Amino acid sequence: MTAQSWHALRHKKYQFSLRLFLLLNAFSALFSIFSPLYYVSALTFPVVVIFLLSLALLLWHWKFETHKINIPLTSLLFGSLWAWHIVIKTRQVTYDPFTWLLLAFVSVIFIGALAFATDIKAFTLHSLPAFLVCIGLSSHEHWPRIFYSFALPLAAIAIHQVIQKRNDRFAQQLLYQLLEERETLTDLSMIDPLTGVYNRRGLQNRIENLPAAEHHEHFILLLDIDHFKAYNDRYGHMMGDQALTRVSAAIRDTVRSRDIVARFGGEEFLVLLTSLTRDQARQTAERIRQQIIDLKIPHSLNESTSTTITVSIGMGIFDTENTDSAIEKADKALYEAKHRGRNNIFLSRELQAI
């Protein structure tokens, strides 16, 4: 689940409550017209309005699902119409009017309790007009029954709402925690575990979100540790891993925080220098080359030759519209640098022409 789906779920819950409320009102109004709760049949203006308005709002909301209707205001409007209907019909009831009042009041509460089981505000606004009317129209000895009929579902809904809010809060916190953990796992999946720089997946993700250069160019550097296979053969893979870690740290410390460093192959690194001039890119490449020499990682090619780990660098212009072509040109420049001997920087042909 995502944050968007969480909001979509809440919207579905809102839609269900509203449509159920309107449907119950329409059904109750229709029942009141053709088969009234009490022996007195009364076709009142408010009950007709309730039926027509319920159908109209139901059809409108079904057509325009994204548009929201104010539930508290709607519940107060329908509650007031039911109270008006109760007042009109009570005047026509001559035998045991309190029974009619109680039946009518419970019917209004039933609608609100079903539709707004977790919305205390909407339930109260819908039931309050009928409650006040029933209190006003009944004698004092019946007040406790009316209060009880109103207080019992009100307390139940209030408790239910508190429990629901706690559950929603817990579920939301759990959702955010899962999203954070997913982002962490996504970040980890984009990081090379040995060197701590981006892997190819992370590089691709950063390139896709790379803004176009405004004033200068983006440059790509492909770095390859010279004779690294010989280093592994002579010193072992554990020492080779340490060398890779130290070289990647030196590269990362030399470039700016907005530049991108990725492990592109076994002993090959890619550096994307963003928005700078050709001379600045060349100077950065030179600083990286010198920084790696300054690590003074011993690398003896044979018994008579003692030196340190070095890198060869191929440099080219990075084209955001054609990433593969830009990397291919930098790779060709790296090939030229490697074949000129150890520890060289070679510019791609397009850069040589500038």
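A residue counts as buried when its relative accessible area is under 20%, and the views below apply that cut-off to a predicted model.

**View 1. Ser75 within helix α3 of the predicted model.** S75 is found in helix α3, and because its relative accessible area is 0%, S75 is classed as buried. A polar atom of the S75 side chain lies 2.7 Å from the backbone oxygen of P72. When neighbours within four places in sequence are left aside, S75 is in contact with F21, F116, A122, L125 and H126.

**View 2. Helix α3 and the cap at its N-terminal end.** Helix α3 is built from 20 residues and reaches 28 Å from its first C-alpha to its last, which is close to the 28 Å expected at 1.5 Å a residue. At the N-terminal end, N70 acts as the cap, with a side-chain oxygen placed 3.0 Å from the backbone nitrogen of L73. The buried residues of α3 include I71, T74, S75, F78 and G79, and also W82, H85, I86, K89 and T90.

**View 3. The largest nonpolar core, with 38 residues.** Within this core, the residues that touch the most other members are F21, L22, W82, I86, F105, F116 and I146. At least two core residues are supplied by each of the helices α1 (3-34), α2 (45-63), α3 (71-90), α4 (97-115), α5 (120-137) and α6 (143-189), and the largest share, 9 residues, comes from α4.

**View 4. Contacts of Phe105, and a separate core.** If residues up to four places away in sequence are not counted, F105 touches S127, A130, F131 and C134, together with I146, S149 and F150. Apart from the core that holds F105 lies another core, of 30 residues, with L221, Y231, I251 and L276 among them.

**View 5. Strand β6 and its pairing with strand β1.** Strand β6 (residues 311-318) is mostly covered, since 8 of its 8 residues are buried. Strand β1 (residues 217-225) pairs with β6 in the antiparallel sense over 8 bridges, and the bridge partner of F219 in β6 is I317. In a regular strand, side chains alternate between the two faces of the sheet.

**View 6. The connection from strand β6 to strand β7.** Strand β7 (residues 345-347) runs parallel to β6, and 3 bridges join the two strands; I313 has I345 as its bridge partner in β7. Between these strands the chain passes from β6 through helix α11 (residues 323-339) to β7, forming a β-α-β crossover that is left-handed.

How values were computed:
Residues are numbered from 1 along each chain as its sequence is written. This is a predicted model: local features need pLDDT of at least 70, side-chain atom pairs count only at pLDDT 80 or more; totals for chains, interfaces and linings use all residues. Side-chain values use heavy atoms; hydrogens and water are left out. A nonpolar core is a set of buried Ala, Val, Leu, Ile, Met, Phe, Trp, Tyr and Cys residues joined through side-chain atoms within 4.5 Å. Buried means under 20% relative accessible area, exposed over 50%, partly exposed in between (1.4 Å probe, protein chains only). Helices (H or I, at least four residues) and strands (E, at least two) are DSSP runs, numbered from the N terminus. Contact means heavy atoms within 4.5 Å. The expected span of a helix is 1.5 Å times one less than its number of residues. A polar contact is a pair of N or O atoms within 3.5 Å; within protein, one must be able to donate a hydrogen and the other to accept it, and residues adjacent in sequence count only if both atoms are side-chain atoms. Two strands pair if DSSP finds at least two bridges between them. A crossover is right-handed if, with the strands pointing away from the viewer, the path from the first strand over the helix to the second runs clockwise.
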